[in-house]
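Me: Hi, could you go through this structure with me? I'd like to start with the charged side chains.

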Amino acid sequence: MKGINFHCKINDTSMSFGSSKGIRQGDLLSPYLFIILEQLLTEMLKKAAKEKKIDCFTMGDIELSHTLYADDIVFFVKGNKKSCGNLMRLLNDYCYETGQKINLHKSKVGVFYPEKSKLKQSIWLSK
């Protein structure tokens, strides 16, 4: 991020500061920006699930679309064309809007079948 002005409000006190050199990994502000952006991704996924654009993993009344841990994300969606296509569109939109990039060399796609008879057909794809 370069040439960005930040505005924040803490305890009814507003302040602004700019970024001329950019914010890089390891910068003190970096983890906070990352958390804010991950919240955006979470809201985008919730909206897509609510609008039935993606079919999330369900177990009883619990619906699980993703988990976050540090900078790793695991998505739980049904492997149908609609869900996978809409998830990819959502991720492309997210990357475009935030400037983040998906590292395809570190990404994996796992397909599993919860039924015991199909368990042996589970596969993992990676680059």
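Reply: Gladly, and please keep in mind that this is a predicted model. A good place to begin is the salt bridge in which the side chains of Lys46 and Glu43 meet, with a distance of 3.7 Å from N to O.

Me: Where do Lys46 and Glu43 lie?

Reply: Both of them are in helix H1, which covers residues 30–50, and they are 3 residues apart, which is about one turn of the helix.

Me: And why does Lys46 count as partly exposed?

Reply: Lys46 has a relative accessibility of 49%, and it counts as partly exposed because that term covers values between the 20% under which a residue is buried and the 50% over which it is exposed. Its partner Glu43 is also partly exposed, with a relative accessible area of 39%.

Me: OK, how many salt bridges are there by this rule?

Reply: The count comes to 3 salt bridges. One of them is formed by the side chains of Lys53 and Glu51, at 3.2 Å from N to O, where Lys53 is partly exposed at 41% relative accessible area and Glu51 is partly exposed at 39%. Another is formed by the side chains of Asp55 and Lys82, at 3.3 Å from N to O.

Me: Which parts of the chain does that last pair link?

Reply: The pair links distant parts of the chain, since Asp55 sits in the loop between H1 and strand S3 (57–59), while Lys82 belongs to helix H2 (residues 81–98), 27 residues apart.

Me: Is Asp55 buried or exposed?

Reply: Asp55 counts as buried, because its relative accessibility is 19% and the cut-off for buried is under 20%. Lys82, on the other hand, counts as partly exposed at 38%.

Me: Switching topic, which residues line the second largest pocket?

Reply: The lining is made of Met44, Lys47, Ala48, Glu51, Lys53, Asn86, Arg89, Leu90 and Asp93, and the elements that give two or more residues to it are H1 and H2. H2 gives the most, with 4 residues.

Me: How much space lies in it, and how do the lining residues divide?

Reply: About 220 Å³ of space lies in this second largest pocket, and its lining residues divide into 3 nonpolar, 1 polar and 5 charged.

Me: Last one: which residues make the nonpolar surface patch?

Reply: Ile10, Met15 and Phe17 make that patch, which is about 270 Å². Phe17 is found in strand S2, residues 13–19, and counts as partly exposed at 34% relative accessibility.

Terms used:
Residues numbered from 1 in each chain as written. Predicted model: local features only at pLDDT ≥ 70, side-chain atom pairs only at ≥ 80, totals over all residues. Heavy atoms only, no water. Salt bridge = Lys/Arg side-chain N within 4 Å of Asp/Glu carboxyl O. Buried < 20%, exposed > 50% of the residue type's maximum accessible area, 1.4 Å probe, protein only. Patch = residues over 30% accessible without salt bridge, like charges linked within 9 Å, V, L, I, M, F, W, Y side chains within 5 Å. Areas by Shrake-Rupley, 256 points an atom, 1.4 Å probe, with all protein chains shown as cover. 1 Å grid on protein atoms, 1.4 Å probe; cavity = no way out; pocket = protein on both sides within 12 Å on 5 of 7 lines; lining within 4 Å. Points joined across faces, edges and corners; volume = space filled by probe spheres on them. Nonpolar A, V, L, I, M, F, W, Y, C, P; charged D, E, K, R; others polar.
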